[in-house]
Amino acid sequence: MTIKRVRAHHLAQMKAEGTPITMLTSYDAITTRIFDEAGTDMLLVGDSYANVMLGYNSTTQVTIDDMVLATGAVARNAKRAFVVADLPFGAYETSPTDAIANSVKLIRAGASAVKLEGGVRMASTIRAIVNAGINVVAHVGYTPQSENALGGPRVQGRGDKAEQIRRDARAVEEAGAIAVVLELVPAPIATEITHELTIPTIGIGAGENTDGQVLVWTDMAGMTDWQPSFVKVFGEVGTALKNAAEAYNAAVRSRSFPDDDHRFNH
Ligand code: KIV
C-alpha cells in the first residue's frame with residue numbers, strides 16, 4: 001500500500017492487512033523531516049519531550065504550552081507521517097471540558113490525534129474528546145504520568161493484574177480510541193489484546209506481536225549512554241555528532257577552519 005499521507009483509516013487498514021506500523025517520537029523540525037523522509041508511519045510528540053529535550057526528570061513537568069510549541073514544529077514538517085501529540089499531565093484529568101479544550105490546542109497546532117494515558121478510568125474522557133471530532137490514541141500498561149502512583153517504570157499486568165490491562169484496552173476501544181499504546185506489558189498479554197481488539201496496538205516493551213512499535217528516538221539512535229533493556233540501538237548518532245563537534249572545535253582552535261574552500265565571498 002503506497003500512502004501519500006497517513007490517516008486514521010490507513011492505520012486500521014494496516015492492522016487488517018498485518019502490515020507493521022512504525023512510530024517514533026519527534027519534538028522538532030529537523031528530526032521530523034528526517035523521520036518523515038525515512039517513511040515512519042506515525043510521529044509522536046510525546047511528553048517525553050520533558051526529559052529528552054527540556055532536561056526535566058519527569059514527564060509531569062511539561063505543560064500544554066510546551067506541547068503546543070513542539071507539536072507545531074513537528075506538524076509543519078511532517079509531510080506523510082500521522083502526527084500524534086500527547087496531552088500532558090494536568091491537561092485532561094480535571095474534566096472532559098478541560099480535556100477537549102486542551103485537545104483543541106494540539107489539533108490547532110497541527111496534530112492529527114491526541115494521546116492520553118489511562119484505560120477504564122479515562123474512558124468517558126476519551127468518549128468526550130472523540131465526540132468533539134478529535135482522534136484519540138490511548139496509552140495503557142505502564143503510564144509514565146502516574147510514575148509516583150505506580151512506583152516507577154515496571155512491567156504492568158503480571159499475574160492476576162493481567163485482567164485489568166485487558167479491561168483497560170477494551171474500554172479505550174469501546175470509547176472510540178483509534179489506536180492504543182501498550183507500554184511495559186508482558187508479551188503474551190499484549191499478543192492477546194492485539195488479537196482481541198479491532199484497533200491497532202502500538203507496543204513499547206510489549207513484545208513482538210503488537211500491530212506496531214514505538215520508541216523514543218534518542219534511545220533508538222544511540223544519543224544517550226543508557227537505554228531501557230527493550231530498546232535496540234539502530235545507529236550511533238550521538239557518537240557521530242560528538243565526533244563532528246570535536247572536529248569542528250579542533251579546526252577552529254587550529255585556525256584550519258574557515259579555509260579557502262569555505263569562505264563567504266564578498
Ligand atoms: O512520551 C512518550 O515518549 C511516550 C512513549 C513512551 C510511548 O508516551
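Begin by colouring the protein chain in two parts, since this predicted model is divided into domain 1, covering 8–235, and domain 2, covering 237–265. If you place a marker at the C-alpha centre of each domain, the two markers for domain 1 and domain 2 will lie 38 Å apart. Where the two domains meet, the contact takes four residues from domain 1 and four residues from domain 2.

Next, select the ligand and show a surface for the protein, and you will find that the ligand sits in the largest pocket. Keeping the ligand selected, display the residues around it as sticks: these are T25, L44, G46, D47, S48, D86, K115, H139, E183, I204 and V216. Colour this shell by residue class, and it separates into three nonpolar, four polar and four charged residues.

Now turn to the side chains and look at their N or O atoms in relation to the oxygen atoms of the ligand. Select S48, where an N or O atom of the side chain is 2.5 Å from an oxygen atom of the ligand. Move on to D47, whose side chain has an N or O atom 3.0 Å from an oxygen atom of the ligand, and then to D86, where the corresponding distance from a side-chain N or O atom to a ligand oxygen is 3.2 Å. With these contacts in view, consider the ligand as a whole: on its own it has 260 Å² of accessible area, and the protein covers 95% of that area.

Definitions and conventions
Residues numbered from 1 in each chain as written. Predicted model: local features only at pLDDT ≥ 70, side-chain atom pairs only at ≥ 80, totals over all residues. Heavy atoms only, no water. Near = heavy atom within 4 Å. Polar contact = N/O pair within 3.5 Å; in protein donor to acceptor, adjacent residues only side chain to side chain. Areas by Shrake-Rupley, 256 points an atom, 1.4 Å probe, with all protein chains shown as cover. 1 Å grid on protein atoms, 1.4 Å probe; cavity = no way out; pocket = protein on both sides within 12 Å on 5 of 7 lines; lining within 4 Å. Sits in = over half its atoms within 2 Å of the grid points. Nonpolar A, V, L, I, M, F, W, Y, C, P; charged D, E, K, R; others polar. Domains from an automatic or database assignment. Contact = heavy atoms within 4.5 Å.
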